[in-house]
Amino acid sequence: MSSTSGKQIRNLPAVDKLLRAEELSDAIQELGREVVREAARDTLARLRREILRGNDNLQRELQTLQFQNELCLEIATLAESRSAQSLVPVFNLTGTVIHTNLGRAALPESAIDAVGRVSRQAINLEYDLTQGGRGDRDSHVEDLICELTGAEAATVVNNNAAAVVLVLTTLAVGRDVLISRGEMVEIGGSFRIPEVMGSAGCHLKEVGATNRTHLADYEGAIDDDTALLMKVHTSNYEIMGFANSVAESEIADVAHSHGLPFVVDLGSGTLINLTRFGLPREPTVEDSLLQGVDLVTFSGDKLLGGPQAGVVAGNKELIARLKRNPLKRALRVDKMTLAALSSVLQLYRNPSTLSRDLPILRDLARDIKEIAAVAEQILPCVKQYVADQAEVEVSSCKSQIGSGALPVDLIESIALKITPRSLTGADRQLKDLALKFRKLPVPVLGRLHDGSLYLDLRCLREPERFCQQLSD
Ligand SMILES: *Cc1c(COP(=O)(O)O)cnc(C)c1O
């Protein structure tokens, strides 16, 4: 160490002196003394390292009068960033309404209130208030699920992937599960039917061909090792052209004539006919059960519009076996999920107000004129925000439902199309532009397409707040 750097290090203020500085008093009050002390220690340690490395700029800074000011500011910023929440709200203008990376369905206010109520104090989660003894946590939603789907019984786990694993490990360990080759799907990169089968300890027996599977294919494949027949909703693609799949009712008949259960993984699944909201038709849970399916599994946070959860609904004896499986204990949901799910299911009892009260349906069924009005409203502030960098115009676009629901159907929507002005380095500029929007206090996420940044306005509910942060 040179004598100058040794002297500079000795001249750095002590942590305790910094903690007494006026400039840090707000941070200490807000974040606590320990958090600020930690930040001060780390900042000073970094400075010492830089001094030893002989950073010239730093040497000059150390001489200045504002040095302590700047040091305090740096410490406060570090302490604040360490105390900041990692999960923050964003504006989802990607055009994908149910976006897995953005937390899927936004919950209705009634569900948010319910989560608050059950989190604040003790509740009767697994306590039967009439009998005065232990109860079943599924009881808070089971009757509602049965009422809305026509199922005899139901159980709830962490997500639909868990629901499928629970069904397979309960009913098919070490045995064969028959599935059509056309349904060997991968959903979102981490849920691949063949791999799920393997991890659940059962054998996948593929039936038919990728594009065509017939009833005789299922019949011919059944033998003594068969545990169940399964159908998977091909959530994110559709086989077009020369294709055939077998109706659920027919597979159910074949399964039952051999005394085997028939299970359908509906993926998104919905409880109501969506065509009444002008949306494409998606199979409902009730439809499947009416076709004779024994167990249906579906997600809580896709089209249903609730919290992350997986529901299994159907035959009473089979559901009872799922509930007895020790794995159910590992996959069970918590009280907040049950509270939110129960509130969302309550809304389905009155379908006429659903498109007003359930955010997912409100967004999916939103009138295009309303979206166009939002576009006109925010056009000036977005223009101003990117004034010297890009052109902004209102453009029609297509939203997708996302998370595998209604895979090939897109919904008409309106976007702001933001295109960098200069053609040189346009790609870099476009990325910078997208970053500029992502760095806002409430990050704005759009979609890059064909040299432009598209902000699909279908899910923009607070245009004033949106513009406010652009002009701040
Ligand atoms: C989405 C989906 C899953 C996985 O559901 P999660 O709730 O995300 O676990 C499983 N199967 C199908 C057919 C799906 O669409």
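**Close-up views of a predicted model**

**View 1. Three domains share the chain.** The assignment splits the chain into domain 1 (3–83), domain 2 (91–98 + 362–471) and domain 3 (109–357); such bounds come from an automatic or database domain assignment. Between the C-alpha centres of domain 1 and domain 2 there are 41 Å. Keep in mind that this is a predicted model, where local features need pLDDT of at least 70, side-chain atom pairs count only at pLDDT 80 or more, and totals for chains, interfaces and linings use all residues. Numbering runs from 1 along each chain as its sequence is written, and side-chain values use heavy atoms, with hydrogens and water left out.

**View 2. T155 sits in strand β4 (residues 153–157).** Helices (H or I, at least four residues) and strands (E, at least two) are DSSP runs, numbered from the N terminus. T155 counts as buried because its relative accessibility is 1%; buried means under 20% relative accessible area, exposed over 50%, and partly exposed in between (1.4 Å probe, protein chains only). Its side chain makes a polar contact with the side chain of D138 at 2.5 Å. For a polar contact, take a pair of N or O atoms within 3.5 Å; within protein, one must be able to donate a hydrogen and the other to accept it, and residues adjacent in sequence count only if both atoms are side-chain atoms. Leaving aside residues up to four places away in sequence, T155 also touches others, including G310, V311, V312 and K328; contact here means heavy atoms within 4.5 Å.

**View 3. Strand β5 (residues 176–180) pairs with both β8 and β9.** With strand β8 (residues 203–207), β5 pairs in the parallel sense over 5 bridges, and with β9 it does so over 3 bridges, again parallel. Two strands pair if DSSP finds at least two bridges between them. V177 has L204 as its bridge partner in β8 and L228 in β9, while D176 stands opposite T226 in β9. As for β5 itself, D176, L178 and S180 point one way and V177 and I179 the other way, and all are buried.

**View 4. Strand β9 (residues 226–232) is mostly covered.** Of its 7 residues, 7 are buried. Besides β5, β9 pairs with strand β10 (residues 262–267), in the parallel sense and over 4 bridges. Look for L229 here, which stands opposite F262 in β10.

**View 5. Helix α19 (residues 368–385) has a kink at I378.** The helix has 18 residues and reaches 25 Å from its first C-alpha to its last, close to the 26 Å expected at 1.5 Å a residue; the expected span is 1.5 Å times one less than the number of residues. The kink is about 40° and comes shortly before the proline P380, with the bend taken as the angle between axes fitted to the seven residues ending at a residue and the seven starting there. I378 is one of the buried residues of α19, alongside I371, V374, A375, L379, C381, V382 and Y385. Their cover includes β13 (390–400), β14 (410–420), α20 (426–438) and α21 (463–471).

**View 6. R104 and D450 have positive phi.** Neither R104 nor D450 is a glycine. For R104, phi is near 55°, and the residue is found in the loop between β1 (91–92) and α7 (109–120). D450 has a phi of about 55° and lies in the loop between β16 (447–449) and β17 (452–456). R104 is partly exposed, with a relative accessible area of 23%, whereas D450 is exposed, at 71%.
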